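Subject: Structure handover

Hello,

I am passing on the structure we spoke about, with notes on what turned up in it. Please have it open while you read.

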Amino acid sequence: MRIAELNVTPIAIADPPLLNSNGLHQPYALRTIVELVGEDGISGWGECAGGRRMLDAFEGSRQHVVGRSAFELTRLQLALTGNAPDATQHETLMGRMNPLPAARRVFSGVEVAALHLIGKSLGVPVCDLLGGRVRDRVPFSAYLFYKLAGGGGEVDDARDDEWGEALTPDGVVAQAQAMITRYGFGSVKLKAGAFPPDEEIAAMLVLRNALGPDVPLRIDPNAAWTVDTSVAVALALAETLEYLEDPTPGMAGMGEVHDRLAAEGLRMPLATNMVVTAFDDIPESLRLRAVDVILGDHHYWGGLRAVSHLGTLCHTLGLGLSMHSNSHLGISLLAMTHVAAATPHLTYACDTHYPWQHEADEILVGGKVPIVDGAVVVPSTPGLGIEIDRDALARGRERFERGGIAERDDVSEMQRRVDPAWQHIQPRW
Ligand code: GKR
Ligand code: MG
């Protein structure tokens with residue numbers, strides 16, 4: 001099954017003003033949509049990180065993709081990322097977050113599109129190409145953010161604000177309740193690192209009170225805290241959290257948090273999508289006891305098969321596995337769903353930003369993928385189980401072209417909308 005064409009479409013999707021330790025989300029998030037057309041005319045689709053640099057990286061990879069069999073994924077990966085697939089040409093798409101080679105992001109988009117293409121040609125869902133499903137529904141967690149008023153997009157393209165402002169513990173609780181009412185989520189994560197730790201501890205305690213003892217809660221400040229602050233927050237939330245995600249910068253810092261908590265007699269699982277972002281990072285994280293739970297992400301671990309391998313490795317090493325997310329559309333949600341369906345050792349509900357994306361920006365025929373009772377049903381139809389709405393895709397491209405955002409930049413958005421003197425400081429507290 002020869003790949004006859006590679007079509008790469010940059011798109012922009014409206015994104016609400018969500019706060020994190022890096023600043024503020026811009027009015028549009030960027031994605032790259034990948035189409036592989038097989039020699040028989042069947043198309044497979046993938047989605048990965050966006051922006052101009054990704055487009056350049058795709059252009060550089062075209063010669064390795066077109067003309068190759070869609071089945072030849074390992075050779076393609078070696079051609080794109082070099083003979084040592086984990087060699088870290090560290091490049092970040094956003095201030096000090098998720099460093100990785102652009103080539104690995106390119107591969108992830110192409111791999112998903114190739115598996116979609118193969119699945120459609122053979123008449124089987126992608127999860128069957130990954131070993132077959134072990135679950136029919138994949139649980140996702142509500143992903144709360146501190147948020148300014150506004151629904152994303154700009155001027156005559158502004159979206160309605162479906163969620164409202166959330167800048168206080170009560171605002172966070174109202175957001176959680178609205179998300180649970182709409183999607184039935186059974187677990188909740190708060191993106192922290194936006195306000196002083198005492199306020200964020202208060203928000204978690206109010207959430208626990210409002211949601212009751214049975215809803216697992218997580219907090220993730222994206223390394224905004226020193227080791228001392230991380231330890232203090234963990235102790236304050238000892239009875240409240242299922243895990244604490246990336247409290248402090250660096251592997252050594254995470255290891256120190258672990259050791260200090262152990263000395264206090266607290267066994268709080270530490271999770272990460274920042275210090276372990278590739279297989280090569282795992283040995284050092286074990287040596288330092290820095291991490292108990294890895295948040296896999298096919299967009300940067302090297303595709304769906306890599307996440308599936310990561311599941312096996314986490315099982316062997318006694319680590320938990322969850323899934324990381326950035327702003328994304330339905331292709332990525334379904335890719336995550338297929339790999340999660342085929343990964344027995346998925347020990348936590350997956351993250352997803354998907355509720356933050358507006359119906360008007362989805363590029364799937366039929367609109368947004370439903371999340372019901374906190375889960376996405378694993379499709380049984382061929383490939384990812386999607387069809388692309390080419391008109392919606394063209395609108396996404398137009399937004400990219402007239403939007404003027406070439407790369408994600410949360411710092412400048414924070415300076416533009418909140419405080420011209422704001423700087424990204426890590427750790428801040
Ligand atoms: O989109 O603001 C955001 C998140 O902070 C994202 O960039 C992170 O990569 O969601 C992510 C995380 O769990 O660290
Ligand atoms: Mg995280």
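Start at ligand 1, where an oxygen atom lies 2.8 Å from a polar side-chain atom of Asn326. On its own, ligand 1 has 340 Å² of accessible area, and the protein covers 100% of that. Please keep in mind throughout that this is a predicted model.

**Ligand 1**

The shell around ligand 1 has 18 residues, and the closest are Asn20, His25, Tyr143, Asn222 and His324. By type, the shell divides into four nonpolar, nine polar and five charged residues. Two further polar pairs are worth a look. In the side chain of Tyr143, an N or O atom is 2.4 Å from an oxygen atom of ligand 1. For Asn273, the distance from a polar side-chain atom to an oxygen atom of ligand 1 is 3.1 Å.

Which strands each supply at least two residues of the shell around ligand 1? They are strand S7 (142–145) and strand S8 (188–191). As for the domains, residues of the shell come from both domain 1 (3–128 + 391–401) and domain 2 (131–384), so ligand 1 lies between them.

**The magnesium ion**

Ligand 2 is a magnesium ion, and Asp220 (OD), Glu245 (OE) and Asn273 (OD1) coordinate it at 2.0 to 2.2 Å. Asn273 therefore appears twice in these notes, since a polar side-chain atom of Asn273 also lies 3.1 Å from an oxygen atom of ligand 1. Along the sequence, the spacing of the donor residues is D-x24-E-x27-N. Glu245 belongs to strand S10 (residues 243–245), while Asn273 sits in the loop between strand S11 (270–272) and helix H9 (282–287), so this pair ties together parts that are 28 residues apart in sequence.

Are these two donors buried or exposed? Glu245 has a relative accessible area of 0% and is buried. Asn273 counts as buried too, at 1% relative accessibility.

**Asp361**

The loop between helix H12 (330–341) and strand S14 (375–377) contains Asp361. With a relative accessible area of 1%, Asp361 is buried. What does the side chain of Asp361 reach at 3.2 Å? One partner is the backbone nitrogen of Ala14. Another is the side chain of Arg399, which is joined to that of Asp361 by a polar contact of 3.2 Å.

**Backbone details**

Which two residues does a cis peptide bond join? They are Gln426 and Pro427, with omega about 0°. Pro427 is in the segment after helix H14 (410–417).

Val155 is not a glycine, yet its phi is positive, at about 50°. This residue is placed in the loop between S7 and helix H5 (169–183). Val155 is exposed, and its relative accessible area is 78%.

Asp373 also is not a glycine and has a positive phi of about 50°. The loop that holds Asp373 runs between H12 and S14, and Asp361 is found in that loop as well. At 59% relative accessibility, Asp373 counts as exposed, whereas Asp361 is buried.

**Buried residues and distances along the chain**

Some buried positions can be used to find your way around the fold.

- Leu18 lies in the loop between strand S1 (3–14) and strand S2 (19–20). Its relative accessible area is 0%, and Leu18 is buried. From C-alpha to C-alpha, Leu18 and Thr240 are 24 Å apart in space, with their positions 222 residues apart in sequence.
- Ala113 is placed in helix H3 (residues 102–122). It counts as buried, at 0% relative accessibility. Ala113 and Leu334 are 221 residues apart along the chain, and 12 Å separates their C-alpha atoms.
- Thr337 is part of helix H12. Thr337 is buried, with 0% relative accessible area. Its C-alpha is 8.0 Å from that of Val377, a residue 40 residues away in sequence.

If you have time for two places, look at the shell around ligand 1, which lies between domain 1 and domain 2, and at the magnesium ion with its donors Asp220, Glu245 and Asn273.

Regards

Terms used
Residues numbered from 1 in each chain as written. Chains lettered and ligands numbered in written order. Predicted model: local features only at pLDDT ≥ 70, side-chain atom pairs only at ≥ 80, totals over all residues. Heavy atoms only, no water. Donors = N, O, S within 2.8 Å, 3.2 Å for Na, K, Ca; no water. Helix = DSSP H or I, 4+ residues; strand = E, 2+ residues; numbered from the N terminus. Buried < 20%, exposed > 50% of the residue type's maximum accessible area, 1.4 Å probe, protein only. Near = heavy atom within 4 Å. Polar contact = N/O pair within 3.5 Å; in protein donor to acceptor, adjacent residues only side chain to side chain. Areas by Shrake-Rupley, 256 points an atom, 1.4 Å probe, with all protein chains shown as cover. Nonpolar A, V, L, I, M, F, W, Y, C, P; charged D, E, K, R; others polar. Domains from an automatic or database assignment.
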